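Biologist: Please show me the model, and I will ask how its terms are justified.

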Amino acid sequence: VKLLLVIGAMAAITFACRALPLIVLARRPLSAGALTYLRYLPIGVLAAVAAISVWPQGRSVDLPFAAGVALAALVALRTGNLLATLLGAMGMTALLRVVLRGL
Amino acid sequence: MSPAVISRRLTSVIVGTVVKRKHVLSMGAPGIHGQGVAHRAWNPAGMSSFTEGMVDALPVAGVYAASGLALGVLARQALLGPVDVGLMSLLVFAGSTQFAAVGLLIAAAPALAILSTTLLLSLRNLTYGAALAPSLRTCPEWKRLLLAFGLTDEVFALTFKRFRIRSPDLVYVAGVIALSYPAWVLSTALAARVGGMIAQPEALGLDVAFPAIFLGLVLPALRTRLEWETAGLAVVLVLAGRVALPEGMALLLAGLLAPLVILRTREHRQSVAAGQRDSGDENTERS
């Protein structure tokens, strides 16, 4: 029962954080300055999320991982294709791990 | 939707993105808030928005399924059954939050610690809702609430990308969620029941999947100098901030501050340039 309560509370917290601005901010008119800020806000947040996923805290230097990330950045910039970015990065990382293990 | 149409769309997703990007760029101003956007649809396969959302969400769903398997295995260590894990995924639908919660459950942490961690990790979702709210002003509230439930990092990134190039379209978002949500819920529950299905996820390069997904979503969205500056500052702020702050808080502050600082700097630059122009005009008149 305690676990179910914790899960319920987690769900409520997550949902509240997601829904609150969608309900509150959608009701009121926003100034031009606020709209400009909100247009750039996702770029800031998503770049920050990307940064901490590229540099996870406490992770030691890992060449195949770094090469995979570099290739992902390159493919993303060149093509803008999510699937190609994902498969390229995973393929490069897996391949380098196989090669380095064989050395 | 016939398989032929789906396969055409998949092919266009895989090989035709460069053409699509050129088309998008030629369409002019981004439409995240639905301002003066050319709403012509670039849709060579004639797919519905819902199916497009599902196809675009394929990589995300794949990564969710793989991470869900990892979470399910971890949850077994916390003595959580498939029903518990499945219920958690069904109700919470937040990867980082669930990984943290299961880790804390393994460490026998108190409920308060789990809930405060959940809050800290969920705070960034406030910014997602805030960014989408102006575009969804005309949508009924229940639709916005449904969207809110599925608004993970990746769903938001896909939504943001889509809303910038087309008119806000909740059917597309529904398609994204319709594929990614079951992938997450089913994989976590399945792994909690069956156990370690992927013996060495790192050997398959799965650890690089999340960074790759985010790079694939963020980098193509950066088109102007101001956007690059915002992203660059956010990266610097979050990496510096997490030295002193919990990562969730550093992320929130970096995301909130970076666009603010960059936009203020632009205003300052513009006012300085205008001042110089004015003084230049005065000098010309005097001479």
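Biologist: How much space lies in the second largest pocket?

Modeller: About 280 Å³. This is a predicted model, where local features need pLDDT of at least 70, side-chain atom pairs count only at pLDDT 80 or more, and totals for chains, interfaces and linings use all residues. Residues are numbered from 1 along each chain as its sequence is written, chains are lettered from A and ligands numbered from 1 in the order in which they are written, and side-chain values use heavy atoms, leaving out hydrogens and water.

Biologist: What makes the lining of the second largest pocket eleven parts nonpolar?

Modeller: Ala, Val, Leu, Ile, Met, Phe, Trp, Tyr, Cys and Pro count as nonpolar, Asp, Glu, Lys and Arg as charged, and the others, Gly among them, as polar. By that rule the lining divides into eleven nonpolar residues, one polar and one charged.

Biologist: Why is the pair of Y64(B) and W184(B) called edge-to-face?

Modeller: Rings of Phe, Tyr and Trp (its six-membered ring) pair if their centres lie within 6.5 Å; planes under 30 degrees apart are stacked, over 60 edge-to-face, and the rest tilted. Here the centres are 6.0 Å apart and the planes meet at 65 degrees, so the pair is edge-to-face.

Biologist: How do you know that Y64(B) is buried?

Modeller: Buried means under 20% relative accessible area, exposed over 50%, and partly exposed in between (1.4 Å probe, protein chains only). Y64(B) has 4%, so it is buried. W184(B), with 3%, is buried too.

Biologist: Which residues do ring pairs link into a cluster?

Modeller: Y64(B), F93(B), F149(B), Y181(B) and W184(B).

Note on methods:
On a 1 Å grid over the protein atoms alone, a cavity is a set of points where a 1.4 Å probe fits but cannot get out, and a pocket is an open set with protein on both sides within 12 Å along at least five of seven lines; lining residues have an atom within 4 Å of a point. Grid points are joined across faces, edges and corners, and a volume is the space filled by probe spheres set on the points.
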